Amino acid sequence: MNNNKFHLHCTQCGYDVADFKEWFEYMQKCPKCGCAVVDVQYSKDYSALKDMIFSNGSEPKNLWHYFDFLPLNNRENIISRGEGVIPLEQWGFLEKYAKEKFGLSIKVHAYRNDLNPGTGTFKDVAASVASSVLKENGVKEFCIASTGNIANAYSHYLADAGISIAVFVPNDVLKANEAEVNSYGQKLFKVKGDYAAAKHVAAEYSKKYSILMSGGNVDPMRVEAKKTMVFEWLRQIGEVPNVYVQALSGGTGPIAIEKAYKDLKGLDLVDEMPRFIMVQPSGCAPMTHGWEKAKEDKFPEGWLFDYPIYENPITKVPTLATGKPGTYPIIADLVKRSKGEIIEFNEEYLVDIARAVAFENTVRMGPAAAVAVGGFFKSLNEGIIKEGDNVLVNVGEGVRRAPDFVEEMMYTTESVDSIEECERFDRSKYREGLWNRIDKMFS
Ligand SMILES: Cc1ncc(COP(=O)(O)O)c(C=O)c1O
Ligand SMILES: [Zn+2]
């Protein structure tokens, strides 16, 4: 197929990989230097992007609204469930809290990935692009290592594309995640060990059968998909908030935001990248620990390569359990350039966060999303969020695959024998208790 639409530009040696056919032929590495990090560049004039973002009247149906700047040639190959056009909601109750407790006037937006129609997480856009590109290139078998959510999204979308995927997950994967992959008739290999072990076996499977494996956090299919969130923020609120809060595992989010900024360069729509506040769960926070040490030592030479590796991390949020964070040098550099922070949030408090959010606005989040919201509260307490900031919290997932977490959220049940024991109630009486628990987290 003749592809004049885009090419993959090697960030190391500058070689231009012509298309995904060549990219896949060389097992997703630059044929000249072996580098796995490429920038997708498009031949269309980038000013067209501005028109797409601000196209008045036509409501996007999915992320393929940005088709001209996504790495697919033929629209007929699109696999979509309507993902990527989720709302950016203003959460007034968090603004009110910041004002009352800290005297700060800030804006708070939540990016509702729980509303993605595919599998209800922030991985749906990546799976839509990957399944479409794989279909276009005639791929029939694929494999992936995952802590859970990406496995699910790929299982769903690749099934739609008629592609088989072998999924390698660590031992502590959430049962409901495992079940969902199974339910689409995709193969799940549960590897004895942690995510690093699952990655290792997946890589061997890929090699043994010459089956393509998902390229992880720098995979151009994933990065191109996720960059569209920046276009969506611009489309929806006309600007990119100056602070971005996200739960951190491998860090595709910030990598994709930077790519969006490259695409938008010269269009006069954005200036500086947002400050990245990346949040890890306390049970698995190697990037936070590397970052804190570097900060303490005033970022000495080689600091980007000095980070701990945690084998078999024990965490309540297995979705974020990247104990061996190979992308740390990329993420930590990005965070530093953005003047951001990598913090951790005590996972004992995740349920309290999720309860307060569900009470105030009926949005129910999964544990990984609660890590991000918890990080927001911690940032307020530590002065990382400042007067006048416009904060975007990436709510990465809903509760769909975390039934245990939903059960933990219960607090109103009372067992009774008869009407004698049933008193009338006013739900607002719960409010104070819920917020007291949040105040106490940091005292
Ligand atoms: C809900 C949710 N939030 C955040 C993340 C972290 O994503 P990344 O670090 O790749 O940007 C994940 C990854 O699994 C996730 O599922
Ligand atoms: Zn190269």
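Two strands are treated as paired when DSSP finds at least two bridges between them. With that criterion in hand, the tour of this predicted model can begin at a single pair of residues.

**The four-stranded sheet**

Select alanine 166 and then lysine 187, which stands opposite it in β8. Extend the selection to strand β7, residues 164–170, which is joined to β8 by five bridges, the two strands running parallel. Displaying the neighbouring strands as well reveals an open sheet of four strands, in the order β8-β7-β6-β9, with parallel pairing. The edges are held by β8 (187–191) and β9 (212–213); each has a single partner strand, so one side of each is left without a neighbour in the sheet.

Next, add helix α6, residues 175–183. This helix lies across β7 and β8, and its direction makes an angle of about 150 degrees with β8.

**The six-stranded sheet**

Move now to the second stop, an open sheet of six strands with mixed pairing, ordered β4-β5-β13-β10-β11-β12. Colour β4 (88–90) and β12 (341–345) to mark its edge strands, each of which pairs on one side only. From one strand to the next, the twist averages 25 degrees.

Within this sheet, select β10 (residues 243–247) and β13 (residues 390–395): they run parallel and are joined by three bridges. Tyrosine 244 has leucine 392 in β13 as its bridge partner. Then show α13, which lies across β10, β11 (275–281), β12 and β13 and runs at about 135 degrees to β10.

**The shell around ligand 1**

Keep α13 displayed and select ligand 1. Which residues are closest to the ligand? They are Asn149, Gly253, Ala368, Gly396 and Glu397, out of 19 residues that surround it. The elements giving two or more residues to this shell are α5 (149–160), α9 (252–264) and α13 (367–381). Colouring the shell by residue class separates seven nonpolar residues, eleven polar residues and one charged residue.

**A pair of crossing helices**

For the last stop, select helices α10 (residues 286–296) and α11 (residues 328–337). Their axes come within 11 Å and cross at roughly 55 degrees; the two helices are therefore oblique to each other. The crossing of α10 past α11 is right-handed.

To inspect the contact itself, show the side chains of Met287, Gly290 and Trp291 in α10, which meet Tyr328, Ile331 and Ala332 in α11. By class, this contact has five nonpolar residues, one polar residue and no charged residues.

Methods. Residues are numbered from 1 along each chain as its sequence is written. Chains are lettered from A and ligands numbered from 1 in the order in which they are written. This is a predicted model: local features need pLDDT of at least 70, side-chain atom pairs count only at pLDDT 80 or more; totals for chains, interfaces and linings use all residues. A residue is near a molecule or strand if its C-beta atom, placed from the backbone, lies within 6 Å of it. Ala, Val, Leu, Ile, Met, Phe, Trp, Tyr, Cys and Pro count as nonpolar, Asp, Glu, Lys and Arg as charged, and the others, Gly among them, as polar. Axes are lines fitted to C-alpha atoms, for helices over the stretch in contact, and angles run from 0 to 180 degrees between N-to-C directions. Angles under 35 degrees count as roughly parallel, over 145 as roughly antiparallel, 65 to 115 as roughly perpendicular and the rest as oblique. A crossing is left-handed if the near helix is turned anticlockwise from the far one by less than a right angle, and right-handed if clockwise. Two residues are in contact if their C-beta atoms, placed from the backbone, lie within 7 Å.
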